[in-house]
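Visitor: I would like to go through this model term by term. Please tell me what each label rests on.

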Amino acid sequence: MILKAENLSAGYARIQVLKAIDLEVKKGEIVCLVGANGAGKSTLLKALSGVIPPTAGRFLFNGQDVTGRKPNQLVRIGLSHVPEGRQIFGSLTVKQNLFLGAYVNPAKKERLDDLLESVFALFPKLKERLAQKAGTMSGGEQQMLAIGRGLMSQPKLLLLDEPSLGLAPLVVEAILGTIGELRSRGISILLVEQNVNAALHISDRAYVLETGRIVLQGEARSLLENEEVKRCYLGM
Ligand code: ATP
């Protein structure tokens, strides 16, 4: 088990968003979070990456209780968050953005070059654009960069928030294909994705969130056949 949340609650100031979440991600799994706007999916990723503190419950990473740790501490042990909206630095080059992802674990120059090469193996376009200012790239390329930056810290678990938001269908397909590729590299993934149909097709398991609670969970394949999921999230 790479991640286990037990009875986890969190929110913003006095607003409680997440209510007693129990969730697991096993090693090598892609797990998808499904839910309407405002259900708490992004909030759950923020709680698990240390961006907001849990108000109750706990979570374990690789068997270790890491509740209350800060994002930089969690990145260092292999838990990386690629937030919604990419949040890359537009005025920095692609290379500078990628290097920022590696700074939590100071590495030798040769090591950085190896890390860059492993990102280029997934996203060859980034190699061509290494010296380009990130803000001048297309949305799809910026998303590749955001994921690439997350990979520079050599995560064991990647939290991915809406990686296909605002992208053209072909680019969405490419990005989701890459997420499958990450799993075959041994990286576990917790994915929030508005394109529920495509996300369930690449996921092993999924959890459905409604108003901060998990209301349904199961194998992704079986959720694709679930009448309620079909009606509420697949538009069928
Ligand atoms: P979306 O797809 O719209 O991002 P989501 O499931 O990711 O939906 P969250 O972003 O986690 O939903 O939001 C859950 C609830 O928390 C919503 O009611 C939202 O208004 C509220 N919320 C989100 N961010 C904040 C914040 N910084 N301060 C206060 N409330 C917030």
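Guide: Start with a definition. A polar contact is a pair of N or O atoms within 3.5 Å, where one must be able to donate a hydrogen and the other to accept it. Keep in mind that this is a predicted model.

Visitor: How many residue pairs meet that rule across the interface of domain 1 and domain 2?

Guide: Two residue pairs are in polar contact there, both at pLDDT 80 or more.

Visitor: What is the count of salt bridges between domain 1 and domain 2?

Guide: Zero. A salt bridge needs a side-chain nitrogen of Lys or Arg within 4 Å of a carboxyl oxygen of Asp or Glu, so a charged residue alone does not make one. The side of domain 1 that touches domain 2 has four charged residues, beside 11 nonpolar and two polar.

Visitor: Which residues make up domain 1 and domain 2?

Guide: Domain 1 is 1-78 + 155-236, and domain 2 is 86-151. Their C-alpha centres lie 23 Å apart.

Visitor: What makes them count as touching?

Guide: Contact means heavy atoms within 4.5 Å. In domain 1, 17 residues are in contact with 14 residues of domain 2. About 1,200 Å² is buried between the domains, 70% of it on carbon and sulfur atoms. Arg-76, Ile-175 and Arg-185 lose the most area on the domain 1 side, together 34% of what that side buries.

Visitor: Why is the protein chain called as compact as a globular protein of its length?

Guide: Compare two values. The radius of gyration is 17 Å, and the globule rule gives 18 Å for 236 residues. These are close, so the label holds. The chain has 10 helices and 10 strands. Its C-alpha trace spans about 45 × 40 × 30 Å along the principal axes.

Notes: Residues numbered from 1 in each chain as written. Heavy atoms only, no water. Domains from an automatic or database assignment. Buried area = accessible area lost by both parts, 1.4 Å probe. Polar contact = N/O pair within 3.5 Å; in protein donor to acceptor, adjacent residues only side chain to side chain. Nonpolar A, V, L, I, M, F, W, Y, C, P; charged D, E, K, R; others polar. Helix = DSSP H or I, 4+ residues; strand = E, 2+ residues; numbered from the N terminus. Rg over C-alpha atoms; globule rule 2.2 N^0.38 Å.
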